[in-house]
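This report looks at one sheet, the hairpin at its end, a core and a disulfide. The sequence and the model are shown first.

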Amino acid sequence: QVQLVESGGGLVQAGGSLRLSCAASGNIFSINAMGWYRQAPGKQRELVATITSGDSTIYAVSVKDRFTISRNNAKNTVYLQMNSLKPEDTGAYYCNAKLRSAYNAGLSDTWGQGTQVTVSS
């Protein structure tokens, strides 16, 4: 069993900053990639940013140059530093990990419970 626990969401004014954290725990052999997705009301879940174990990153165009994803492999933790926040960044932010529970296990997709980010104008 693997758990992803997110923290750091909240209410902030436009132009402000927030830092999200997500810690993975449980039966983990290795984590290939971790990332953040978000879902606004009435919209589909979308990629925000991902980072591999080798620190390669991918960002959504809408957040590039404003958000920074990073990870601490020793702590199985991923962070999302969000600066210059806009009202359109509002939504539930979900942590994702692509991991193996054993050396011979396949990759599995694991999700956190989500943390709400609300940006007021």
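## The disulfide

A disulfide is taken here as a pair of cysteine sulfur atoms within 2.5 Å. In this predicted model, the count by that rule is one disulfide. The bond joins C22 to C95, with an S to S distance of 2.1 Å. The torsion about the S-S bond is -85 degrees, and the link of C22 and C95 is left-handed.

The pair links distant parts of the chain: C22 belongs to strand 3 and C95 to strand 9, 73 residues apart. C22 has 0% relative accessibility and therefore counts as buried. C95 also has a value of 0%, so C95 counts as buried.

## The open sheet

Four strands make up an open sheet in the order 1-3-8-7, with antiparallel pairing. Its edges are strand 1 (2–7) and strand 7, each of which pairs on one side only. On average, neighbouring strands of this sheet are turned by 15 degrees against each other, direction ignored.

Strand 7 and strand 8 are paired in the antiparallel sense over six bridges. F67 stands opposite M82 in strand 8, and R71 has V78 of strand 8 as its bridge partner.

## Two faces of strand 7

In a regular strand the side chains alternate between the two faces of the sheet. Along strand 7, F67, I69 and R71 point to one face and are buried. T68, S70 and N72 point to the other face and are not buried.

## The hairpin and T77

The hairpin of strand 7 and strand 8 has four residues between the strands. Within this hairpin, N76 takes a positive phi near 50 degrees. K75 is located in the loop between strand 7 (67–72) and strand 8. K75 counts as exposed because its relative accessibility is 55%, where exposed means over 50%. Although K75 and A23 are 52 residues apart in sequence, their C-alpha atoms are 7.4 Å apart in space.

T77 lies in strand 8 (residues 77–82). With a relative accessible area of 8%, T77 is buried, since the limit for buried is under 20%. A polar atom of the T77 side chain lies 2.9 Å from the backbone oxygen of K75. Residues up to four places away in sequence left aside, T77 touches C22, A23, M34, S70, R71 and N72. Among these contacts of T77 is C22, the cysteine of strand 3 in the disulfide pair.

## The nonpolar core

The largest nonpolar core has 27 residues, of which W36, L80, M82 and Y93 touch the most other members. At least two residues of this core come from each of strand 3 (18–26), strand 4 (30–39), strand 5 (46–52), strand 7, strand 8, strand 9 (91–100) and strand 11 (115–120).

Which residues does M82 contact, leaving aside its neighbours within four places in sequence? The contacts of M82 are G16, S17, L18, L20, R66, F67, Y93 and V117. Two of these residues appear elsewhere in this report: F67 stands opposite M82, and Y93 is named with M82 among the core residues that touch the most other members.

Technical notes
Residues are numbered from 1 along each chain as its sequence is written. This is a predicted model: local features need pLDDT of at least 70, side-chain atom pairs count only at pLDDT 80 or more; totals for chains, interfaces and linings use all residues. Side-chain values use heavy atoms; hydrogens and water are left out. Buried means under 20% relative accessible area, exposed over 50%, partly exposed in between (1.4 Å probe, protein chains only). A polar contact is a pair of N or O atoms within 3.5 Å; within protein, one must be able to donate a hydrogen and the other to accept it, and residues adjacent in sequence count only if both atoms are side-chain atoms. Contact means heavy atoms within 4.5 Å. Two strands pair if DSSP finds at least two bridges between them. Axes are lines fitted to C-alpha atoms, for helices over the stretch in contact, and angles run from 0 to 180 degrees between N-to-C directions. A nonpolar core is a set of buried Ala, Val, Leu, Ile, Met, Phe, Trp, Tyr and Cys residues joined through side-chain atoms within 4.5 Å.
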